[in-house]
Amino acid sequence: IGMMCALLSNNSYSQKLEETVKTELPCYNTQELFKSLREKFKELPLLTGKTDDNANSTMSIWLNPVNNDWTIIATKKDLSCVVGTGTDMNLITVRKGTAI
């Protein structure tokens, strides 16, 4: 199963939009994908949040705490799509109230 996805946000940014990216994402049953991330890849959910995309999906980042491999997942009910995977994730500590 694949899903066409325009990787765009509804947020208005001060930068001029240069281009959009349309891609086909690999999508799976949510329960099966999450089970595979836990058991096969030894990843755990690090953070989740609601998106403001047209699908009104939930984005989650999964991390293997031993080797720092990671996976980003977009979920809409029973369908979850792999947005990206990678290695060498580093967590950056930011104290609440820190100025940007």
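How many strands and how many helices does the protein have? This predicted model holds one helix and six strands.

**View 1. The fold from start to end.** Trace the chain along its sequence and the elements come up as β-β-α-β-β-β-β. So that's one helix in the company of six strands. In this predicted model, 36% of the contacts between residues at least 6 apart in sequence join residues at least 24 apart.

**View 2. The disulfide up close.** Here we zoom in on Cys27 and Cys81, which form a disulfide with their sulfur atoms 2.0 Å apart. That separation falls inside the 2.5 Å cut-off for a pair of cysteine sulfur atoms, and the count for the model comes to one disulfide. Which hand does the disulfide of Cys27 and Cys81 have? The torsion about the S-S bond is about 100°, so the disulfide is right-handed.

**View 3. What the disulfide ties together.** Cys27 and Cys81 form the disulfide, and this pair links distant parts of the chain. Cys27 sits in strand S2 (residues 22-29), while Cys81 belongs to strand S6 (residues 79-86). In sequence, the two cysteines are 54 residues apart. Are Cys27 and Cys81 buried or exposed? Both cysteines are buried.

**View 4. Inside and outside.** Stepping back to the whole protein, buried residues account for 24% of its 100 residues, with Cys27 and Cys81 among the buried ones. As for the outside, the accessible surface comes to about 7,900 Å². Carbon and sulfur atoms supply 54% of that surface.

Conventions
Residues numbered from 1 in each chain as written. Predicted model: local features only at pLDDT ≥ 70, side-chain atom pairs only at ≥ 80, totals over all residues. Heavy atoms only, no water. Helix = DSSP H or I, 4+ residues; strand = E, 2+ residues; numbered from the N terminus. Buried < 20%, exposed > 50% of the residue type's maximum accessible area, 1.4 Å probe, protein only. Contact = heavy atoms within 4.5 Å. Areas by Shrake-Rupley, 256 points an atom, 1.4 Å probe, with all protein chains shown as cover.
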